[in-house]
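Please look through the structure below, which the following paragraphs explain step by step.

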Amino acid sequence: MDFKNYIRDIHDFPEKGVTFKDITPLLKDADALQAAAQAMLRMIGDVKVDKVVGMESRGFFFAPILASLLNAGFVPVRKVGKLPSDKISRTYALEYGKDTLEIHADSISPGENVIIHDDVLATGGTAKATCELVEALGGKVLQCNFLLELLELNGASKLEDYDLKALVSY
């Protein structure tokens, strides 16, 4: 299946000059949704996975699906102030400023095998910060897994220490 047929460009969103890759056509099509989940599962391969970590908010679409297919737990990584229990955080640089992500301190146990999933790999800051959160809790990042990668933004350069897979590249 050509997944690019289910991803539409929205020009000048969220701001002028940006072309947003909209995955909602893929999400609303049952066959495309199932095929994408199975294809990302194949990218992970035959490894023991304890947790799948998904980043707010669009990482929440496929990460729980992958966790279910892998018989693993799902762990959300959220923006500041969204998690109710004890947590740890990482601040990372944005193009203009910085942002912070948090994870529950009890969400990953030392030695657990973890897949990091997000919908898009752009500049790599969110994924790198998430890897650092997982490792701070003692987890082992097996793979950074994405629905799509925006090659021109070179996010892979921030994830050189990790196995990186993307279903679709632009």
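**A buried glutamate, a helix and two cores**

Glu112 is buried, its relative accessible area being 16%, where buried means under 20% relative accessible area, exposed over 50% and partly exposed in between, for a 1.4 Å probe and protein chains only. This is a predicted model, in which local features need pLDDT of at least 70 and side-chain atom pairs count only at pLDDT 80 or more, while totals for chains, interfaces and linings use all residues. Residues are numbered from 1 along each chain as its sequence is written, and side-chain values use heavy atoms, with hydrogens and water left out.

Glu112 lies in the loop between strand 6 and strand 7, helices (H or I, at least four residues) and strands (E, at least two) being DSSP runs numbered from the N terminus. Leaving aside neighbours within four places in sequence, Glu112 is in contact (heavy atoms within 4.5 Å) with Asp50, Lys51, Ser107, Gly138, Gly139 and Lys140.

Gly138, one of these contacts, follows helix 4 and has a positive phi, near 95°. Within helix 4, the buried residues are Gly125, Ala127, Ala129, Thr130, Cys131, Leu133 and Val134, and what covers them includes strand 3 (51-55), strand 7 (113-121) and strand 8 (140-149).

The largest nonpolar core, a set of buried Ala, Val, Leu, Ile, Met, Phe, Trp, Tyr and Cys residues joined through side-chain atoms within 4.5 Å, has 26 residues, and Phe62 and Met40 are among those that touch the most other members. Helix 2 (30-44), helix 3 (59-69), strand 7 and strand 8 each give two or more residues to this core, the largest share, eight residues, coming from helix 2. A second, separate core of 22 residues includes Val53, Ile103, Ile108 and Leu137.
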